[in-house]
Amino acid sequence: MCLKIRSLLYLFFLCAVSTLSATERIISLAPDLTETLYALSLQDEIVAVSEFSNFPKEAQKKQTIGTFMAPSLEKILYFKPTVIIAKRHATPQHLLQKLRQSGIHLLEFKTQHEIDIFEMILQLGKKFGKEQKAKRLCTSLKEMLFTIQNRVRNLEKPRVLIQIELVPPMFVGKQTLLDRAIELAGGMNAIQHHKGYPKLQKEAALQLNPDIILIPLTKGDENKSQDIQSSWKSWVSVPAVRHHRIFTMDGDLTTRAGPRFGEGIAHMAHLLHPTSVKK
Amino acid sequence: MIRTSKWIAEISSLGFLFLLTLFTGLSIGVEWISPVHFWDPLFKNIIWDIRWPRVLLAIIAGGALSVSGYIFQIILKNPLADPFILGVSGAACLGGALGFLLHLGYPLITFVSFLTSLLCLGVIDFVSRKHVSTTSHVLLLTGVFLSFLFSSLVTLCLSFSEPFEGTSLLFWLMGGLSFPIPTPMLWISLGILFFLLSFIYRKSYHLHLLNLSAIETQALGIDALKTQRLFFILASLLCALTVSLTGMIGFVGLLVPHLCRFLWGNDPRRILIHCFLVGAILLISMDMVVRTLFPYEMPLGAMTALLGAPFFLFLLWKRSSP
Amino acid sequence: MKLLEFRNVHFKYSGDPSFCFKELSFFVQEGSFTTLLGANGSGKSTILNLITQFLKPKQGDIVWKGTPLHTLALKQCAQKIAFVPQSMEFAFSMSVFDYVLLGRAPHLQGLGLESTEDHEIGEATLSMVQALHLKDRLLDTLSHGEKQKVLLAKALCQETPLLLLDEPTAHLDIQAQFEILSLLRSIQKQKKMTVLMVLHQLDLACEFSEELIFLKSEKIYGQGPISEWMTTGHLKNVYGFNAFIDQNPFTGKPRITHHREEVEQINH
């Protein structure tokens with residue numbers, strides 16, 4: 001009798017848990033958030049993603065609700081989500097307000113530092129009952145970063161300038177994820193006195209004297225990177241130009257605050273220290 | 001009536017001021033480079049690859065917009081008219097927006113922008129031929145509503161754009177002199193500009209006669225509607241050229257004609273050249289100030305309005321006070 | 001001699017089907033001072049617009065001494081016909097002298113740089129209309145009467161045989177009305193010009209002009225000397241109002257008094 005009740009209770013408990021997790025309907029409002037959710041095996045719970053969520057490949061089959069800077073409120077509500085995952089400073093504030101008002105659970109993450117990435121993974125793991133997987137993901141990410149750090153620790157730090165746009169000439173400044181990426185990859189951001197993404201005049205950019213110029217590339221942007229490269233061509237006084245160290249790098253790997261961040265750092269480190277860090 | 005000696009004195013002093021501003025524009029920037037060092041291998045690139053194209057663009061934009069604004073104010077008989085009042089600049093913006101959306105390279109964006117504005121100009125001209133009007137109301141209203149249409153299409157383009165693309169497009173729309181125009185394109189534009197200006201100047205007497213009502217102009221031996229249409233096309237070409245190169249730099253086209261009229265009277269035979277020089281001087285100076293004060297690329301269009309509006313209000317109130 | 005002649009002119013406004021000139025024919029005698037009279041909307045201003053070629057007839061010819069106007073270059077026409085509008089319109093203000101010099105346009109080439117001779121003509125016309133003291137004033141500071149004089153001066157600068165005026169007394173007080181028309185009359189006599197004027201005031205028409213052309217409902221009712229055509233019958237037909245006509249005791253010209261229908265008077 002006791003055994004029956006216990007097994008019934010146990011069954012009931014299992015069902016409850018499984019139905020609980022099965023009824024989560026998640027919408028991700030940024031490609032990097034999508035990647036993280038997939039890495040935590042939460043793909044079945046995702047009902048919709050933002051556009052350009054192209055990794056992993058399966059994510060491309062998911063329904064979209066607009067770009068991460070301009071998601072459609074109607075589309076979001078149409079999917080009747082239980083949780084929405086957003087990125088601070090990317091998703092428009094007024095939209096987030098509306099979503100909060102509509103009573104849907106909103107998880108917002110900032111991504112200016114690799115610590116933010118770890119916290120995000122752990123929080124998501126906790127929220128959706130994937131603590132173990134989250135912990136493992138974090139650990140492997142930390143290990144990767146640690147390995148790279150070891151490799152580059154004693155190497156000379158080149159001055160790195162990351163240019164993301166030609167018109168206006170936009171560069172990566174302090175307090176951004178890419179700034180941390182430069183440091184983790186064994187370099188130093190040539191911009192030390194501007195926060196965020198400053199639009200520097202060419203003359204001001206020249207004064208920075210970068211050793212390396214990196215251009216994050218995403219699909220369809222080949223023209224832009226060509227234009228940026230040719231805009232530096234004639235400036236041989238700049239070390240990066242003189243030594244032909246203007247590179248494009250995989251934009252998705254390096255700018256996304258997700259599970260592939262480690263790969264992105266490795267990619268960048270290889271560009272910064274080609275002899276010491278193999279691909 | 002043109003007192004030749006006075007006119008020559010004015011042109012000479014303006015010309016001198018123009019050259020002075022040109023040299024100052026080349027010397028001043030993030031760091032000061034004295035003209036002696038302009039060809040120094042150390043500074044050569046900064047002067048000739050960064051500042052010189054900017055100064056050239058300032059001359060083209062400042063001069064073209066001023067003359068275009070002056071013409072529009074006369075043919076529309078409206079002191080509030082500026083080059084952007086009719087839809088041609090809006091069409092240029094739309095062309096640029098499409099260029100950005102299609103990920104075209106920079107020189108192509110300029111080219112597409114110019115083409116769309118020519119298309120719009122053709123349409124307006126065709127419409128104005130069919131609906132010949134004795135007043136300029138039809139032309140004005142057609143242009144204003146076309147302007148609305150184009151700006152809403154541009155906003156649509158912005159909403160369809162990818163995140164950083166939108167920033168690029170918005171920055172271009174706000175107007176500036178930092179766009180990477182290849183040097184041959186700059187020289188061709190300068191050539192087109194001078195061709196247009198010399199043609200306008202040769203016909204400046206007819207423009208002067210357009211100050212009168214259409215029937216009076218006709219009675220004086222000038223085909224009023226044909227001349228109005230001709231000047232509309234010329235002024236729109238100037239505007240289209242500028243917008244496709246530099247985006248919308250507002251206010252210069254409104255302010256400079258009024259300033260020149262205030263200082264030197266209203267005879268285009270006299271002040272067209274003044275308008276050109278003052279416009280060029282103004283834009284070179286403003287750009288010079290803005291890029292020296294801030295290390296950032298600022299939207300020049302917004303800055304011209306910010307500085308120009310209070311000055312213009314001051315002028316207006318001074319004149320209207322008893 | 002017929003200076004200007006309308007021969008079977010057909011005209012229609014593209015936006016207004018109700019208005020139509022059909023086979024409109026009349027002429028202006030050389031050296032005459034003619035007034036074009038008619039009710040509102042009868043087509044007086046349209047006729048002036050057709051003469052200046054601002055509007056083009058659908059059929060028929062407007063002929064200058066035997067040559068159709070449309071065969072001549074606009075500039076040549078401007079050397080023959082000058083137009084004084086009802087009011088002064090300008091995009092931006094300028095000095096009176098610069099404005100008057102615009103009248104020299106038909107005689108200038110290229111950039112239109114005026115010579116000393118042109119300046120002298122400008123000054124002469126300003127003094128002819130007794131407005132030389134206004135030479136350096138700005139247009140927007142002038143009174144209506146002064147503006148009318150300046151408009152007349154500008155037209156006189158064109159040095160044309162024919163002068164057209166569209167209601168020159170429209171915005172003027174009674175004194176100014178007399179002044180401008182007296183000036184016009186003396187200048188016309190002095191320069192032996194031909195004047196065609198649109199006017200509403202019948203009294204003034206009688207006082208200053210010799211010939212008149214009556215326009216009724218887009219048709220020429222008749223034309224000829226004032227003595228023949230200024231009668232109660234014609235006035236009743238053209239304007240639909242009752243007039244009593246006697247003689248102005250000072251000038252001997254016809255004097256028109258409007259009276260209501262109840263009071264019947266015998267007219268001669």
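This text walks through two interfaces of a predicted model, that of chain C with chain B and that of chain B with chain A. Residues are numbered from 1 along each chain as its sequence is written, and chains are lettered from A, and ligands numbered from 1, in the order in which they are written. Local features need pLDDT of at least 70, side-chain atom pairs count only at pLDDT 80 or more, and totals for chains, interfaces and linings use all residues, while side-chain values use heavy atoms, with hydrogens and water left out.

The interface of chain C and chain B comes first in this account. Here 36 residues of chain C are in contact (heavy atoms within 4.5 Å) with 30 residues of chain B. The size of an interface is often given as the accessible area lost when the parts come together. For chain C and chain B the buried area (accessible area, 1.4 Å probe, that two parts lose on being put together, summed over both) is about 2,700 Å², with 67% of it on carbon and sulfur atoms. On the side of chain C, the residues that lose the most area to chain B are Phe54(C), Phe92(C) and Leu111(C), which together make up 29% of what that side buries.

Polar and charged pairs also cross this interface. Two salt bridges (a side-chain nitrogen of Lys or Arg within 4 Å of a carboxyl oxygen of Asp or Glu) are found between chain C and chain B. Arg269(B) forms a salt bridge with Glu114(C), and their closest N and O atoms are 3.4 Å apart. Elements of chain C that each supply at least two residues of the side touching chain B are α2 (74-78), β6 (81-84), α3 (96-101) and α5 (144-157); helices (H or I, at least four residues) and strands (E, at least two) are DSSP runs, numbered from the N terminus. The largest share of that side, four residues, comes from α3(C). By class, the side of chain C that touches chain B has 20 nonpolar, nine polar and seven charged residues. Ala, Val, Leu, Ile, Met, Phe, Trp, Tyr, Cys and Pro count as nonpolar, Asp, Glu, Lys and Arg as charged, and the others, Gly among them, as polar.

Chain B also touches chain A, with 25 residues of chain B in contact with 26 residues of chain A. The two chains bury about 2,300 Å² between them, and carbon and sulfur atoms give 65% of this area. The rule finds two salt bridges across this interface. Glu203(A) forms a salt bridge with Arg291(B), with the closest N and O atoms 4.0 Å apart. In chain B, α2 (44-75) and α6 (163-173) each supply at least two residues of the side that touches chain A. That side has 13 nonpolar, six polar and six charged residues.
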